[in-house]
Amino acid sequence: HLLEFTWRSANTGGRDTLVSISIEPIEGGSQLTLLHRDLPPATSDGHRLGWQSILDQLEADLDRVASDS
């Protein structure tokens, strides 16, 4: 499955950027891949850290829900 959307913020210099999120089945679960394109070079590290934090929290939440079932 693929979800793509435009992302614009002060951190992109007000420019449109493209976020693509794909989810593919793998043995034992799923793999989520996030790609953020067209970022100004000076902001790519900050965006990478931000997305990593969001994905880490998502993983923790999903693990908690799975263990509650």
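This is a short tour of a sheet, a helix and a pocket, with something to select at each stop. Keep in mind that you are looking at a predicted model.

**Stop 1: the sheet**

Start by selecting residues 2-7, which are β1, and residues 29-37, which are β3. These two are the edge strands, and each of them pairs on one side only. Now add residues 17-26 to bring in β2. You have an open sheet of 3 strands, in the order β1-β2-β3, with antiparallel pairing. Turn the view a little to look for the twist, which averages 15° from one strand to the next.

**Stop 2: where β2 meets β3**

Stay with β2 and β3, which run antiparallel and are joined by 9 bridges. For a good landmark here, pick V19 and look across to β3, where H36 stands opposite.

**Stop 3: the helix**

Next, select residues 44-68 to show helix α1. This helix lies across β1, β2 and β3, and its direction makes an angle of about 160° with β3.

**Stop 4: the largest pocket**

Which residues should you select to see the lining of the largest pocket? Choose I23, S30, Q31, L32, L55, L58, E59, L62 and D63. The space inside comes to about 280 Å³. Try colouring the lining by element: β3 and α1 each supply at least two residues, and α1 gives the most, with 5. Then colour by class, and you will find 5 nonpolar, 2 polar and 2 charged residues around the pocket.

Technical notes: Residues numbered from 1 in each chain as written. Predicted model: local features only at pLDDT ≥ 70, side-chain atom pairs only at ≥ 80, totals over all residues. Heavy atoms only, no water. Pairing = 2+ DSSP bridges. Helix = DSSP H or I, 4+ residues; strand = E, 2+ residues; numbered from the N terminus. Axes fitted to C-alpha atoms, helices over the stretch in contact; angles between N-to-C directions. Contact = heavy atoms within 4.5 Å. 1 Å grid on protein atoms, 1.4 Å probe; cavity = no way out; pocket = protein on both sides within 12 Å on 5 of 7 lines; lining within 4 Å. Points joined across faces, edges and corners; volume = space filled by probe spheres on them. Nonpolar A, V, L, I, M, F, W, Y, C, P; charged D, E, K, R; others polar.
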